[in-house]
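The following exercises are to be worked with the sequence and the coordinates at hand. Each task is followed by its solution.

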Amino acid sequence: MSEEAIQATAVDAISCKIYAVKHGYYEDDALLKLLSRGTDTERKSPEIARGTWARVQGTRQELRRFYEKNASRRKVVINCGAGFDTTFWWAKSEGLFKDGEDLWFDLDMEAVVRQRIRRLRMPAAKSLVSSLQNLKITDSKLASDAYQIRVLDMKRSEESAKLIEEIKEEYQIDDQTDVCLIFECVLVYMPTETSGRFLKAAADDFENLKVISYEQLNLNDRFGTVMLENLVQRGCGLDGIDACLSKATQIQRFERVGFRHVDSLRHHNSGEIER
Ligand SMILES: C[S@@+](CC[C@H](N)C(=O)[O-])C[C@H]1O[C@@H](n2cnc3c(N)ncnc32)[C@H](O)[C@@H]1O
């Protein structure tokens, strides 16, 4: 399976998001500043826009719950396989993310991180980075007091476990800190044992950990088979398909590596997501 094809899914994800935002399904000003120029958003259907809306609302809703539970405690969000996602700026604009206290990491493979940083250096994105204190940017890393972009390849299990440990040590993440890992359409791109190793390392390192994972169920039905065929044609198979066969297999992937409270909210409940 080609790494390039997997990384290209970050562009697909963002073009669906830009399309949905431009057609009024939800708001994301940071996304428009960072990416609307030069990203192809044509030829999307209303079904794609509705699905994207439900995906974004689902993630935002769970993130809001994370920030609002024990609100006085320090919060750290680690968005793994973040692509070009702009949820950090949404959390800031909603007053959920507290500057000077909370931390946010957007992590992805090097080629994606480099593209993302290139975009952040463009004049259109100036207002996004200008509020970051002690900003230091290289081609493959962005550091600031509150917000970081770093390279992560979850398939390299030892390196990624080390990165998680480094983050824990460097930012003194202790039992008084709440940590949330986000995987929005990410885990399916790697074997379940590989993602399991990463999840276990995080669960071992962080005492108060929540995980938000958004991805497919029933990948062996007709719709899932067609989707898989399309991706395979583009050189991008789904190595983590075995965890996406049903609600039960998704729940098991977390229980197997030691998570105690695992729940699954399905798309057809997206009316509930809106409330
Ligand atoms: C479908 S995109 C989703 C991007 C973003 N989460 C979003 O929802 O907009 C999948 C992302 O997962 C990343 N990814 C896939 N395999 C990865 C790995 N082994 N390590 C880190 N990131 C990975 C890709 O580079 C890509 O950015």
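**Exercise 1.** Compare the expected span of helix H3 with the distance between its end C-alpha atoms.

*Solution.* The expected span is 1.5 Å times one less than the number of residues. H3 has 23 residues and should therefore span 33 Å; its end C-alpha atoms lie 32 Å apart, which agrees. Helices here are DSSP runs of H or I with at least four residues, and strands are E runs of at least two, numbered from the N terminus. The model is predicted: local features require pLDDT of at least 70, side-chain atom pairs count only at pLDDT 80 or more, and totals for chains, interfaces and linings use all residues. Residues are numbered from 1 along each chain as its sequence is written.

**Exercise 2.** State which residues of H3 are buried (20 or more other C-beta atoms, placed from the backbone, within 10 Å of their own).

*Solution.* Buried in H3 are Ala49, Thr52, Trp53, Ala54, Arg55, Val56, Gly58, Thr59, Leu63 and Tyr67. Just after the helix, Asn70 adopts a positive phi of about 50°.

**Exercise 3.** Describe the largest nonpolar core (buried Ala, Val, Leu, Ile, Met, Phe, Trp, Tyr and Cys residues joined through C-beta atoms within 7 Å).

*Solution.* This core has 45 residues, and those with the most contacts inside it are Ile78, Cys80, Trp104, Val179, Leu181 and Ala202. Among the elements giving two or more residues are H3 (46–68), strand E1 (74–80) and strand E6 (177–184). E6 gives the most, with five residues. A second, separate core of 20 residues includes Trp53, Val112, Val113 and Leu142.

How values were computed. A nonpolar core is a set of buried Ala, Val, Leu, Ile, Met, Phe, Trp, Tyr and Cys residues joined through C-beta atoms within 7 Å. A residue is buried if 20 or more other C-beta atoms lie within 10 Å of its own, exposed if 12 or fewer, and partly exposed in between; C-beta atoms are placed from the backbone.
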